[in-house]
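Hi,

Here is the structure I said I would pass on. Have a look at it first, and my notes on what turned up follow underneath.

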Amino acid sequence: MRSRFGVGEVIVRREILDGREWLVYPVRVAEDDEDALAVYLAQGTPLTFGRGDFRWGPHPWIEFEHVWQSSGVLQLQRPGDGYSVWGRWEEGVLREWYVNFQAPLVRTERGFDTLDHELDLIIPGDGSPYRWKDVEHFEERVRTGGFDTEEAAAVREAASCVVDLVERGTCWWERWRDWRAPAEWGVPDAVPPARDRTGHGDRPN
């Protein structure tokens, strides 16, 4: 297993639910070092959804066209963190930092695994006050047993940590404010469903 991915390399981001792939898509590496793994999700990137029954039901995006429809986003995740920070730009200006609470990344031979935890925090790029998103969805997931007590507590702890960083003005992701995707980075090819793949590339580290 390689310890680092190369800049510009296409790797695979998987959301794993019930031990199986729930959502999979390719991303391109912007940086990979001991501090963080930064990857770029391009507009138009193909999305692959897991098959069969899941305890959370089908992925909510499955009803839409199976491509990333929004503008490209930079996804920043640090080892051990229960969140990633997504940078969104419009006409060359940072629109927002979108904090996506998720399971800590687990590296695989082909990329990394995680799982979205519903809750999000939006930090406007112009310095306006932050605001929460999907709080009701998260609490409903907790109420119906989608998260156990330990998982719910971990999400709330991660949320508290991020708010503390924001309110103290120590946002580690700000160094990426002026980053832009290279013009030559195209849209990666789709990742086939797990049962259509061969080899040993899906084993987590």
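**Glu118, the pockets and the cores**

I'll start with Glu118, which sits in strand 10. Keep in mind throughout that this is a predicted model.

Is Glu118 buried or exposed? Its relative accessibility is 15%, and the cut-off for buried is under 20%, so Glu118 counts as buried. What does its side chain pair with? There is a polar contact of 2.3 Å between the side chains of Glu118 and Arg141. Leaving out residues up to four places away in sequence, Glu118 also touches Phe101, Lys133, Asp134, His137, Phe138 and Phe147, along with Arg141 itself.

On to the pockets, which may be more your thing. The largest one has a volume of about 560 Å³. Its lining is made of 26 residues, with His59, Pro60, Trp61, Asp116 and Lys133 nearest the centre. Strand 10 turns up again here: it gives the most to this lining, three residues. At least two residues each also come from strand 1 (10-17), strand 2, strand 6, strand 7 and helix 1 (135-143). If you care about the chemistry, that lining splits into eleven nonpolar, five polar and ten charged residues.

The second largest pocket holds about 260 Å³ of space. It is lined by 21 residues, and those closest to its centre are Ala103, Pro104, Leu115, His117 and Glu151. Strand 1, strand 9 (111-114) and helix 2 each give two or more residues to that lining, with the largest share, four residues, coming from helix 2. By class, the lining has eleven nonpolar, six polar and four charged residues.

Now the packing. In soluble globular proteins, nonpolar side chains tend to be buried together. Here the largest nonpolar core has 39 residues, and Tyr83, Phe101 and Trp173 touch the most other members. Two or more residues each come from strand 2 (20-32), strand 3 (37-41), strand 5 (73-77), strand 6 (83-90), strand 7 (93-102), strand 10 (116-124) and helix 2 (149-168). Helix 2 has the largest share of this core, eight residues.

Which residues does Trp173 contact, neighbours within four places in sequence aside? They are Leu76, Tyr83, Val85, Trp97, Ile123, Val162, Leu165 and Val166. Apart from the largest core there is another, of 18 residues, including Leu37, Phe49, Trp68 and Ile122.

That's everything from my side. Shout if anything is unclear.

Cheers

Conventions:
Residues numbered from 1 in each chain as written. Predicted model: local features only at pLDDT ≥ 70, side-chain atom pairs only at ≥ 80, totals over all residues. Heavy atoms only, no water. Core = buried A, V, L, I, M, F, W, Y, C linked by side-chain atoms within 4.5 Å. Buried < 20%, exposed > 50% of the residue type's maximum accessible area, 1.4 Å probe, protein only. Contact = heavy atoms within 4.5 Å. Polar contact = N/O pair within 3.5 Å; in protein donor to acceptor, adjacent residues only side chain to side chain. 1 Å grid on protein atoms, 1.4 Å probe; cavity = no way out; pocket = protein on both sides within 12 Å on 5 of 7 lines; lining within 4 Å. Points joined across faces, edges and corners; volume = space filled by probe spheres on them. Nonpolar A, V, L, I, M, F, W, Y, C, P; charged D, E, K, R; others polar.
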